[in-house]
Amino acid sequence: MNNVMEKIGTTRVKITVDVDTNSWKEAQENAVKKLAKEVSIKGFRKGSAPLEMARRHLDTGRIWNEAVDSLLDPCFQEAIKEHGLRLAFSPSVSITKISDADLSIVYDCILAPTCEVGDYQSFSAKKEAPAVTDEEVMNKVNETLKQNADLVPVEREAKMGDTVTMDFVGYLPDENGEKKAFEGGSANNFSLELGSHQFVPGFEEAVVGAKAGEERDIQVTFPTTYVKDLAGKEATFHLTIHEVKEKEIPELTDEAVKELAIKDVESVDALKEKTRVGLLKEKTNKADNDFYNAIINELITRSTFALDEEILSREAKRNEENLKKNIEAQGLTFDQYLEITGANEESLHKQMVGEAKKNYERFLVEQAVIEKEKLAVTEEELTSEIKRMAKEYGIEENRVQEIVMGNKAAYENNLLERKVREFLEKKAA
């Protein structure tokens with residue numbers, strides 16, 4: 001086999017394979033032998049006629065197709081091995097010459113992405129030292145009390161922050177100007193917290209002032225970015241108010257704290273301390289992640305990538321399909337989602353390509369550091385991780401080991417990601 005590789009930019013190559021005449025003729029003979037088993041000739045059992053007789057009943061194009069199919073992979077494997085290539089996908093294949101004696105195959109290949117990693121011995125990124133103020137603690141404590149508040153019926157008019165239970169029916173004018181209820185615009189005994197922004201702008205504000213037992217009509221205009229059937233239209237909603245409730249937030253006392261039933265928290269001081277610890281942990285985790293992201297972004301700017309656009313486009317399309325499934329699981333169509341968000345398929349795809357590029361570059365620089373530093377996960381480290389997980393989740397160690405060993409590669413990858421992160425963070429410290 002004679003093959004020639006031609007570089008097409010930095011991410012693609014074209015390999016032309018000229019199959020030697022003997023190999024091509026042998027492939028055709030093997031194709032005839034295989035296809036002859038399917039030939040039926042009068043006077044012979046199917047597939048038992050003499051080979052030369054069977055050959056006369058076979059179309060040349062069919063023989064060539066079978067012979068070409070038998071050579072495509074062997075020729076390709078030999079070529080990429082000879083040139084030491086790693087591909088992102090299976091190649092596109094075309095036949096540029098074919099006859100009884102000649103066969104030329106062209107493989108258009110997209111190379112697997114690569115990274116020439118930049119200097120990673122030092123970084124300008126700095127880690128934030130998080131702190132929690134007393135005001136932040138009290139705000140969080142009050143939020144906790146508010147979340148555990150009781151809803152108590154009141155006789156007064158509704159105000160922002162109240163919860164209103166009501167029936168409502170939405171109407172749009174028909175072609176004759178008559179009001180007609182529209183699909184999806186009604187509900188019974190619906191509980192709405194005023195100020196929660198569950199409904200279109202203007203709806204919740206128009207409910208303010210309503211009292212239990214009252215009926216009222218309100219007008220709202222749907223946003224222009226809403227679903228197509230309603231976007232920009234003015235609708236009338238008829239409301240029947242059943243009940244108005246306000247939040248009865250308990251006073252911050254030891255007794256109220258006990259009612260929260262938080263483990264190991266039975267006093268105001270204990271609640272404040274647990275809240276402070278939780279807030280500090282959140283801030284610390286955010287600071288750690290921001291620090292590492294800054295390191296990676298800095299390293300990306302120092303590195304050079306060979307990353308074909310087709311790789312990014314395919315990744316984006318996979319993510320778009322997953323997004324569509326998630327949207328449909330929530331009861332929306334993809335077109336409705338685009339209308340609500342004000343996006344279109346082109347802008348969404350562009351956004352997804354950008355996200356795919358960031359993810360690939362992050363992965364590639366991490367892998368490049370792993371390879372250069374020869375980072376690896378030892379059996380001791382894996383055993384230590386099993387012990388840690390068993391203790392953290394309260395599961396028997398043998399059971400955790402079974403789970404880990406059932407998907408060992410995934411757990412090793414997670415540990416390796418942690419290892420390269422620790423390595424890079426030390427360089428930036």
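In this predicted model, E385 is a buried residue, with a relative accessible area of 10%. Its salt-bridge partner is R388, and the closest N and O atoms of the two are 2.8 Å apart. Both residues belong to helix 11, which covers residues 379–393, and because they are three residues apart there, about one helical turn separates them. A general point helps here: an α-helix has 3.6 residues a turn, so residues three or four places apart point the same way. R388, for its part, is partly exposed, because its relative accessibility of 36% lies between the limits of 20% for buried and 50% for exposed. The pairing also extends further, since a network of salt bridges links E385, R388, E392 and R418.

Across the structure, 29 salt bridges are found. One of them joins R276 to D134, with 2.7 Å between the closest N and O atoms. This pair ties together distant parts of the chain: R276 sits in helix 7 (residues 268–302) and D134 in helix 4 (residues 134–147), the two being 142 residues apart. Their surroundings can be told apart by accessibility: R276 is partly exposed at 28% relative accessibility, whereas D134 counts as exposed at 54%. Another salt bridge connects E214 with R216, where the closest N and O atoms are 2.8 Å apart. With a relative accessible area of 23%, E214 is partly exposed. As a general note on such pairs, side chains of opposite charge can pair when their charged atoms come close.

Helix 1 offers a neat check of geometry. The helix comprises 16 residues, 21–36, and at 1.5 Å a residue it should span 22 Å; the C-alpha atoms at its ends are indeed 22 Å apart, so expectation and model agree. Seven positions are worth listing by name, as the buried residues of this helix are W24, A27, Q28, A31, V32, L35 and A36. Viewed down the axis of helix 1, these buried residues fall within an arc of 165°, and therefore they line one face of the helix. What do the buried residues of helix 1 pack against? Their contacts are with strand 2 (12–19), helix 2 (51–55), helix 3 (60–83), strand 3 and strand 4 (103–110).

Strand 3 leads on to the surface. This strand runs over residues 92–98 and includes I98. Together with V93 and I95, I98 makes a nonpolar surface patch of about 210 Å². The relative accessibility of I98 is 34%, so this residue counts as partly exposed.

Two further positions give a sense of distances within the model. K374 is found in the loop between helix 10 (345–373) and helix 11, and this lysine is exposed, with a relative accessible area of 70%. Between the C-alpha atoms of K374 and N22 there are 46 Å, for a separation of 352 residues along the chain. S347 is located in helix 10 and counts as partly exposed at 35% relative accessibility. From S347 to K247 the C-alpha to C-alpha distance is 43 Å, and the two residues are 100 residues apart in sequence.

Conventions:
Residues numbered from 1 in each chain as written. Predicted model: local features only at pLDDT ≥ 70, side-chain atom pairs only at ≥ 80, totals over all residues. Heavy atoms only, no water. Patch = residues over 30% accessible without salt bridge, like charges linked within 9 Å, V, L, I, M, F, W, Y side chains within 5 Å. Areas by Shrake-Rupley, 256 points an atom, 1.4 Å probe, with all protein chains shown as cover. Salt bridge = Lys/Arg side-chain N within 4 Å of Asp/Glu carboxyl O. Helix = DSSP H or I, 4+ residues; strand = E, 2+ residues; numbered from the N terminus. Buried < 20%, exposed > 50% of the residue type's maximum accessible area, 1.4 Å probe, protein only. Expected span 1.5 Å × (residues − 1). Arc of directions from axis to C-beta. Contact = heavy atoms within 4.5 Å.
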